[in-house]
Amino acid sequence: MAFDGPFNTTYGEALAQIRDKISSLSNWSIKDESYSNDSTAFTDNDYVVFTTPEGTDVKLETTHEAHVSLQHGPNWDSENTQWGDQYSNSWEAMPQDGDNYSDGNLSDQVRWWLEYVDGKGFAFYMSREEGDGKDRGMAMGFAELSRLWDYSTAQVRESKYTALVVGYRESEYGDQTDVINGTFEGGESSGTHHGKGEVNADGNNDNYPMVETTLQASSKYEDALIGEHDLWIKDHSGDRSAHLDTVTDGGADQYTIFKEGLPTPVGIRMD
């Protein structure tokens with residue numbers, strides 16, 4: 001497990017290195033992968049499919065617009081290179097302003113950080129560093145829920161994981177993607193109680209209020225809480241916090257706050 005960064009690479013190289021770090025975890029494995037050119041840097045339509053510790057498959061893929069797509073489901077069919085059983089949600093984002101169909105480029109320079117923990121999942125933030133007025137940030141993650149009850153045989157199936165996707169999509173309007181928690185068959189969750197944190201107002205104040213756990217609501221039943229995780233939180237400090245500030249607890253750094261270029265600031269855990 002580790003919180004790594006910052007790294008300065010190309011966008012495509014960052015995705016390949018993120019793949020390598022996640023697959024180095026003891027109980028995560030690569031089930032399938034496909035690369036157009038050299039696997040040391042993702043190009044358009046490259047992908048990797050991981051199998052998680054509890055058996056879920058999760059796919060990270062670059063599309064022809066240089067979006068990163070996140071999908072997951074109970075079964076990726078490697079032989080036919082398609083989903084045999086997939087949860088209905090899929091999200092895309094990229095670290096660039098996509099206004100007016102401005103194509104992203106996987107050779108662009110980015111700066112990035114990654115949290116990856118065997119029994120929890122992963123979360124990363126990257127910012128485009130070209131200085132041309134189109135630079136934006138992107139955060140993406142996939143967290144295993146500590147289930148509050150066993151819903152494996154429930155009438156409406158629920159995933160054991162939840163997603164983080166914050167960034168931009170290429171479109172005429174430069175649409176933003178803002179999914180702090182969303183997963184499950186049939187729709188994104190509602191009524192979720194997000195973990196939240198603020199930087200200390202005073203460097204000597206180690207007990208500034210922080211809620212560390214995100215309680216995950218059901219996708220179908222708004223008031224049903226099905227699990228929790230602590231891999232990322234929402235930043236509620238407003239202008240009192242700055243990009244790369246840390247949330248601390250008892251003198252120990254717990255989360256790094258990422259704000260630059262994001263439609264919604266997030267904190268990523270530092271294990």
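# Chat about a predicted model: core, sheet and salt bridges

Trainee: Hi! Starting with L60, which residues does L60 touch, leaving out those up to four places away in sequence?

Mentor: In this predicted model, L60 touches F42, D46, Y47, V48, F50, V68, S69, L70, F122 and M140, with residues up to four places away in sequence not counted.

Trainee: And which residues touch the most other members of the largest nonpolar core?

Mentor: L60 is one of them, along with Y11, W28, L70, F122, F124 and M126; the core has 35 residues.

Trainee: Where does the largest share of this core come from?

Mentor: From helix 1, residues 11-23, which supplies six residues. In soluble globular proteins, nonpolar side chains tend to be buried together.

Trainee: How many residues are in the second core?

Mentor: The second core is separate and has 14 residues, including L231, F258, L262 and V266.

Trainee: OK, on to the sheet. What is the strand order in the open sheet of five strands?

Mentor: The order is 2-3-4-5-8, and the pairing is antiparallel. At the edges are strand 2 (29-34) and strand 8 (90-93), each pairing on one side only.

Trainee: How many degrees are neighbouring strands turned against each other?

Mentor: On average 15°, ignoring direction.

Trainee: How many bridges are there between strand 5 and strand 8?

Mentor: Four, in the antiparallel sense, with strand 5 covering residues 68-73. L70 has W91 as its bridge partner in strand 8.

Trainee: Which strands does helix 1 touch?

Mentor: Helix 1 packs on the sheet and touches strand 2, strand 3 (47-51), strand 4 (57-62), strand 5 and strand 8. The direction of helix 1 makes about 20° with that of strand 3.

Trainee: Let's switch to charges. How many salt bridges does the count come to?

Mentor: The count comes to 14 salt bridges. Side chains of opposite charge can pair when their charged atoms come close.

Trainee: What about K59, which residue is its salt bridge partner?

Mentor: K59 pairs with E61, and the closest N and O atoms are 3.2 Å apart.

Trainee: Are K59 and E61 buried or exposed?

Mentor: Both K59 and E61 are buried.

Trainee: Then what is the N to O distance for K120 and D271?

Mentor: Their side chains meet in a salt bridge at 3.6 Å, N to O. K120 lies in the loop between strand 9 (109-117) and strand 10, while D271 is in the segment after strand 21 (266-269), so this pair ties together parts that are 151 residues apart in sequence.

Trainee: Why does K120 count as partly exposed?

Mentor: Because its relative accessibility is 24%, and partly exposed runs between under 20% for buried and over 50% for exposed. D271 is also partly exposed, with a relative accessible area of 32%.

Trainee: Now R128. Where is the place of R128?

Mentor: R128 is in strand 10, residues 121-128. R128 counts as buried because its relative accessibility is 8%.

Trainee: Which residue's side chain makes a polar contact with the side chain of R128?

Mentor: That of D108, at 2.8 Å. R128 also meets D132 in a salt bridge, 2.7 Å from N to O. D132 counts as partly exposed, at 40% relative accessibility.

Trainee: Which residues are joined into one network by salt bridges that share partners?

Mentor: D108, R128, D132 and D135. Leaving aside neighbours within four places in sequence, the contacts of R128 include P95, Q96, Q109, V110, K134 and R136.

Key:
Residues are numbered from 1 along each chain as its sequence is written. This is a predicted model: local features need pLDDT of at least 70, side-chain atom pairs count only at pLDDT 80 or more; totals for chains, interfaces and linings use all residues. Side-chain values use heavy atoms; hydrogens and water are left out. A nonpolar core is a set of buried Ala, Val, Leu, Ile, Met, Phe, Trp, Tyr and Cys residues joined through side-chain atoms within 4.5 Å. Buried means under 20% relative accessible area, exposed over 50%, partly exposed in between (1.4 Å probe, protein chains only). Helices (H or I, at least four residues) and strands (E, at least two) are DSSP runs, numbered from the N terminus. Contact means heavy atoms within 4.5 Å. A polar contact is a pair of N or O atoms within 3.5 Å; within protein, one must be able to donate a hydrogen and the other to accept it, and residues adjacent in sequence count only if both atoms are side-chain atoms. A salt bridge is a side-chain nitrogen of Lys or Arg within 4 Å of a carboxyl oxygen of Asp or Glu. Two strands pair if DSSP finds at least two bridges between them. Axes are lines fitted to C-alpha atoms, for helices over the stretch in contact, and angles run from 0 to 180 degrees between N-to-C directions.
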